[in-house]
Protein chains: 2
Amino acid sequence: MPFYFPNRTGKPIRIPPPLLLAILYLALILIGAVVLVLPVAVTHPISFSDALFTATSAVTVTGLAVVDTGSSFTLFGQAMILILIQLGGLGLMTFAALVLSALGLPIGLRHHNFLREDLNQTSLHQLVGLVKTILAVVLFCELIGGILLLTVFVPDFGWARGTWFAVFHSVSAFNNAGFALMPDSLSRWATNPVINLTIPALLLIGGIGFSVISDLWIHRGWRHLSLHSKLMLTGSAILIVWSVTMFAILEWHNPDTLGAFANPIDKLQISWFQGLTTRTAGFNTVDIGSIHDTTALMFILLMVIGAGSTSTAGGIKVTTFIVLVLATIAFFKRHNQLHAFGRSIGLEEVMKVLALTMISMFVVMSGIFLITMSHDGDFLDLVFEVTSAFGTVGLSRGTTGELDTLGRIVIELIMFIGRVGPLTLGFFLARRVPPRISYPSSQVYLG
Amino acid sequence: MPFYFPNRTGKPIRIPPPLLLAILYLALILIGAVVLVLPVAVTHPISFSDALFTATSAVTVTGLAVVDTGSSFTLFGQAMILILIQLGGLGLMTFAALVLSALGLPIGLRHHNFLREDLNQTSLHQLVGLVKTILAVVLFCELIGGILLLTVFVPDFGWARGTWFAVFHSVSAFNNAGFALMPDSLSRWATNPVINLTIPALLLIGGIGFSVISDLWIHRGWRHLSLHSKLMLTGSAILIVWSVTMFAILEWHNPDTLGAFANPIDKLQISWFQGLTTRTAGFNTVDIGSIHDTTALMFILLMVIGAGSTSTAGGIKVTTFIVLVLATIAFFKRHNQLHAFGRSIGLEEVMKVLALTMISMFVVMSGIFLITMSHDGDFLDLVFEVTSAFGTVGLSRGTTGELDTLGRIVIELIMFIGRVGPLTLGFFLARRVPPRISYPSSQVYLG
Ligand SMILES: [K+]
Ligand SMILES: [K+]
């Protein structure tokens with residue numbers, strides 16, 4: 001299902017969609033870098049390397065930063081970053097919805113099967129319709145989020161700066177970008193209830209995936225939801241309860257994080273925020289460099305898992321993680337197939353999950369491997385930074401600022417792979433072909 | 001297929017084999033610990049905790065140590081450790097062969113199907129026959145190894161001590177135990193060709209698996225080998241070439257390891273030895289604490305992979321790793337099944353591999369998680385130590401000596417799980433039952 005573009009001779013040029021997506025993202029990053037290095041964008045001169053890193057981080061909605069967004073960039077520069085985030089997040093959701101519809105899953109349009117099987121039959125008109133629908137949902141959520149955030153930022157900064165803060169953080173949160181205008185992210189509002197409700201709400205909606213949102217919109221009840229939506233909602237709920245509880249338990253007495261707050265309600269608010277934002281959004285209200293090693297390890301796991309397919313989130317995705325767990329449970333129950341909510345999940349899916357997980361592990365391991373070759377920092381911090389880039393999360397324990405050129409290139413590549421990779425794989429999944437040759441089966445001992 | 005033991009009332013008591021195995025290993029460890037703490041076994045008093053750790057490490061053929069084997073234990077103590085190693089390794093191979101024969105794979109006996117389907121029908125006579133065959137192979141290899149090692153140790157230590165060194169290291173090497181009588185393992189003989197040939201040969205034969213050895217013995221050629229043997233031999237060869245080459249490249253100029261040797265032949269000998277021993281045996285001829293972080297990361301991967309099923313080695317096993325890689329390749333080739341050497345590997349196998357890998361990851365992650373809670377050492381060293389325990393490898397970067405009580409218990413548990421766990425899982429695999437209910441199939445988006 002390649003896209004066709006007419007060339008000068010009139011013959012169409014075939015471009016496979018994943019390649020098109022990669023080219024578009026790359027072009028966006030390069031244009032962004034060129035704009036961000038301009039004197040009009042910055043308060044003090046930055047290197048092209050800094051600008052390239054910032055643009056990559058913005059387009060891939062990661063949020064890792066080598067220069068402070070709030071102080072190094074002018075209003076124009078910040079607006080540029082916000083546009084890159086919005087295009088990155090939107091492009092992602094649109095492309096994911098296209099792939100998803102090709103897989104035959106509902107994407108929330110009335111005639112949602114029209115894209116099925118062959119994207120080539122998709123007219124520009126229909127494509128525009130899909131993008132319009134997604135855009136409407138996105139802008140509506142960002143608008144509501146922005147209005148709620150006004151009540152926090154306007155009293156603190158006045159109308160002009162307060163409005164800009166509200167817009168910036170609403171868009172950044174919905175796209176799970178994690179970019180913030182203060183050097184310590186949202187730590188200043190760690191115990192502010194509006195921040196603790198609005199930001200998590202935005203990133204949850206942005207991170208659960210467009211397919212789940214449209215499924216909920218159409219069916220308005222649990223019973224008729226697709227298996228994908230049920231798994232996403234249950235899995236996310238369990239992960240949230242687990243991460244919030246564990247964060248509270250592990251950090252309760254840490255004087256550099258929760259221990260600094262006397263009120264248990266404050267501690268719980270911060271645990272709630274950090275438990276929710278860690279899987280993909282990348283905001284923080286406590287210093288990530290001060291969390292306990294055990295907590296950092298839990299964060300690494302959460303960042304690898306990520307959030308939902310067809311969302312603005314990264315990672316191997318919640319559904320992939322669930323299938324991994326279900327396969328393990330099925331193994332112990334001695335079942336030959338997986339099932340959940342009265343539906344079975346084919347063994348082909350298990351193979352896809354295994355391949356996806358292996359590729360992810362390979363990317364993360366290769367990244368760590370390459371960076372350790374030239375960088376001699378703390379290993380935990382390094383693993384944290386690489387998984388943060390892979391999950392396009394953006395939380396940092398400080399390693400990103402210290403990286404040499406090779407390290408920066410590796411992190412940029414991993415952010416790019418973490419963003420474009422899963423979509424490319426999703427595209428592969430959508431057009432699997434049966435094998436031509438059948439071999440006699442054989443058994444291998446594995447234990 | 002439980003074993004039956006008559007009790008006082010004459011009714012048989014059913015004990016599932018994995019439970020029996022766990023009980024036997026536990027009993028062996030406890031008896032070992034009680035003996036090793038006796039004054040006759042030690043040159044200076046050690047705590048029961050030290051003795052328990054040593055016994056666990058010996059029975060699970062790991063090789064991690066909290067006291068120096070050569071100087072802390074008397075000849076009697078060292079002999080006890082050697083007996084624990086031999087019983088641990090032998091018990092392992094026997095049980096694995098039993099499970100394997102229940103799976104219908106060849107185990108090198110003339111009537112190899114006699115154990116199939118139901119171990120309950122196995123007579124004591126047949127069991128003794130199997131153990132005898134394995135014992136003969138083991139003792140033969142250890143004898144040859146010991147004689148070759150005499151040529152190194154007798155000139156260095158005289159006949160009495162030299163002979164004991166030859167016996168100890170031959171048995172330790174064949175069982176992939178990694179226990180050595182010098183505090184710096186075999187570093188003193190880093191460039192000795194006999195050591196560099198004999199020890200790797202012993203640990204390769206002990207680590208490739210009894211099933212592969214008997215398969216080679218019966219068929220004496222590549223063509224008719226089972227898929228399992230072909231995968232094991234090819235996979236091991238690739239892993240050896242890769243690990244030896246990478247070690248040489250990464251450490252060539254490290255002044256604390258290969259850089260200390262001027263002669264390229266010496267450097268290559270050490271790379272050869274270290275590349276071979278790391279996956280499971282746990283001997284070393286350079287200081288493991290001085291290797292580069294990148295090399296340590298490679299070692300962690302090798303230790304998780306381990307060597308062969310039905311061998312004295314630990315880890316997820318080479319075949320498991322190969323299936324992981326094949327599944328990933330099949331995914332990219334858009335195949336619905338895996339194949340190698342003209343045979344297909346069923347998707348049920350892929351599910352088993354996934355479950356096995358997940359459980360392994362879970363054990364390793366939990367171990368790291370628990371130890372970080374009370375131990376504040378270097379994270380890389382900690383991960384190294386936990387994977388070394390899980391793969392029953394025994395290489396150390398020094399963390400084991402610094403562990404508190406919780407840390408020691410965790411490492412002991414992981415060594416035990418790393419040893420008994422895969423066999424228990426293998427037993428599960430051997431008696432998988434088909435599911436009773438069939439559910440309608442459904443698709444989940446994973447990308
Ligand atoms: K992010
Ligand atoms: K070992």
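**View 1. A nonpolar patch on the surface of chain A.** In this predicted model, Leu38(A), Val40(A) and Phe76(A) come together as a nonpolar surface patch, with about 240 Å² of accessible area between them. Leu38(A) sits in the loop that links helix 1 (17-36) to helix 2 (48-59) of chain A. Is Leu38(A) buried or partly exposed? Its relative accessibility is 36%, so Leu38(A) counts as partly exposed.

**View 2. The potassium ion (ligand 1) and its donors in chain A.** Seven backbone-style labels are worth finding here: Val61(A) (O), Thr62(A) (O), Asn176(A) (O), Thr280(A) (O), Ala281(A) (O), Thr392(A) (O) and Val393(A) (O) are the protein donors, lying 2.5 to 2.9 Å from the ion. Read along the sequence, the donor residues are spaced V-T-x113-N-x103-T-A-x110-T-V. Asn176(A) belongs to the loop between helix 6 (159-174) and helix 7 (193-208) of chain A, and Thr392(A) to the loop between helix 14 (379-390) and helix 15 (399-402), so this pair ties together parts that are 216 residues apart in sequence. Asn176(A) and Thr392(A) are both buried.

**View 3. The potassium ion (ligand 2) and its donors in chain B.** Which residues coordinate the potassium ion (ligand 2)? They are Val61(B) (O), Thr62(B) (O), Asn176(B) (O), Thr280(B) (O), Ala281(B) (O), Thr392(B) (O) and Val393(B) (O), at 2.5 to 2.9 Å. The spacing of these donors along the chain is V-T-x113-N-x103-T-A-x110-T-V. Pick out Thr280(B), in the loop between helix 9 (264-277) and helix 10 (293-305) of chain B, and Thr392(B), in the loop between helix 13 (379-390) and helix 14 (399-402): the pair ties together parts that are 112 residues apart in sequence. Thr280(B) is buried, and Thr392(B) is too.

**View 4. Gly282(A) and a partner far along the chain.** Gly282(A) is found in the loop between helix 10 (264-277) and helix 11 (293-305) of chain A. With a relative accessible area of 3%, Gly282(A) is buried. Ala173(A) is 109 residues away along the chain, yet the two C-alpha atoms are separated by 9.0 Å.

**View 5. Helix 12 of chain A, mostly covered.** This helix runs over residues 318-332, and its 15 residues reach 21 Å from first C-alpha to last, close to the 21 Å expected at 1.5 Å a residue. How many of its residues are buried? The count is 11 of 15, among them Val318(A), Ile322(A), Leu326(A) and Phe331(A). Just after the helix, Arg334(A) takes a positive phi of about 55°.

**View 6. Residues 210-219 in the two chains.** In chain A this stretch is helix 8, where Phe210(A), Ser211(A), Val212(A), Ile213(A), Ser214(A) and Asp215(A) are buried. Arg220(A) follows helix 8 of chain A and has a positive phi, near 45°. In chain B the stretch is helix 7, and its buried residues are Phe210(B), Ser211(B), Val212(B), Ser214(B) and Asp215(B). Arg220(B), just after helix 7 of chain B, takes a positive phi of about 45°.

**View 7. Cys141 in chains A and B.** Cys141(A) has 13% relative accessibility, so it counts as buried. Cys141(B), at 12% relative accessibility, counts as buried as well. How many disulfides does the structure hold? Over all chains there are zero disulfides.

Methods
Residues are numbered from 1 along each chain as its sequence is written. Chains are lettered from A and ligands numbered from 1 in the order in which they are written. This is a predicted model: local features need pLDDT of at least 70, side-chain atom pairs count only at pLDDT 80 or more; totals for chains, interfaces and linings use all residues. Side-chain values use heavy atoms; hydrogens and water are left out. Donors are N, O and S atoms within 2.8 Å of the metal (3.2 Å for Na, K and Ca); water is not among the atoms, so sites may look incomplete. Helices (H or I, at least four residues) and strands (E, at least two) are DSSP runs, numbered from the N terminus. Buried means under 20% relative accessible area, exposed over 50%, partly exposed in between (1.4 Å probe, protein chains only). The expected span of a helix is 1.5 Å times one less than its number of residues. Patches are made of residues with over 30% relative accessible area and no salt bridge: like charges are joined within 9 Å, nonpolar side chains (Val, Leu, Ile, Met, Phe, Trp, Tyr) within 5 Å. Accessible areas come from the Shrake-Rupley method with a 1.4 Å probe; for residues, only the protein chains shown count as cover. A salt bridge is a side-chain nitrogen of Lys or Arg within 4 Å of a carboxyl oxygen of Asp or Glu. A disulfide is a pair of cysteine sulfur atoms within 2.5 Å.
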